[in-house]
Amino acid sequence: MKLESLTKTPEFKSRKRVGRGPGSGMGKTATRGENGQKKRSGASIPAWFQGGQSPLYRRIPKRGFNNARFETKFAVINLSDLNRFEDGTVVTPELLKEKGIIKKQLDGVKVLGYGELEKKITIKAHRFSSAAVTKIESKGGKAEVI
């Protein structure tokens, strides 16, 4: 026997043949364990699944940019709220806050057209709905944008 005449024997591992014969040690459940979700055929559970517990990506605080912080919020009033003023009154946001109609002015006051206006008044606000403007002007009042 010479060194150059030696051949390498093939190294391979025979594949696992589960559920075969009494001597394999892989009968009955065939290495799948007892009952359970993973025992079922076709079972695939996402890597992030935590068994019904509230998942980590929902428990941690959210970070990053959100445009909601820069949203303009208006204190909203309806035309029916303005009937408590006298004819010819100039209604301003300061007067509305003083009378308790609005609590905070926020980024401005918006007048909506809900209800009927019974008096002729001048309203100074930051925004008006189109319905509010037509109702105010039909009674002879004025809608002035600040």
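## Thr 122 and its neighbours

Setting aside residues within four places in sequence, Thr 122 makes contact (heavy atoms within 4.5 Å) with Thr 89, Val 90, Val 91, Lys 142 and Glu 144. Thr 122 belongs to strand β4; strands (E, at least two residues) and helices (H or I, at least four) are DSSP runs, numbered from the N terminus. With a relative accessible area of 18%, Thr 122 counts as buried, a label that means under 20%, while exposed means over 50% and partly exposed lies in between (1.4 Å probe, protein chains only).

A word on the model itself: it is predicted, so local features need pLDDT of at least 70 and side-chain atom pairs count only at pLDDT 80 or more, while totals for chains, interfaces and linings use all residues. Residues are numbered from 1 along each chain as its sequence is written, and side-chain values use heavy atoms, with hydrogens and water left out.

## The sheet around β4

Let's step out to the sheet. Three strands form an open sheet in the order β2-β4-β6, with parallel pairing; two strands pair if DSSP finds at least two bridges between them. At the edges are β2 (90-91) and β6 (142-145), each pairing on one side only.

Strand β4 (residues 122-125) is joined to β2 by two bridges, and to β6 by four. Ile 123 of β4 is a handy landmark here: Val 91 stands opposite Ile 123, and so does Ala 143 in β6.

## The nonpolar core

Ile 123 also appears in the largest nonpolar core, a group of 19 residues in which Ile 77, Leu 82, Leu 96, Val 111 and Ile 123 have the most contacts. Such a core is a set of buried Ala, Val, Leu, Ile, Met, Phe, Trp, Tyr and Cys residues joined through side-chain atoms within 4.5 Å. Two or more residues each come from β1 (75-78), α2 (93-99), β3 (109-112), β4 and α3 (130-138).

Leu 82 is a good place to look in the viewer: not counting residues up to four places away in sequence, Leu 82 touches Ile 77, Val 91, Leu 96, Val 111, Leu 117, Ile 121 and Ile 123.

## A patch on the surface

Leu 6 lies in the segment before α1 (56-59) and is partly exposed, with a relative accessible area of 47%.
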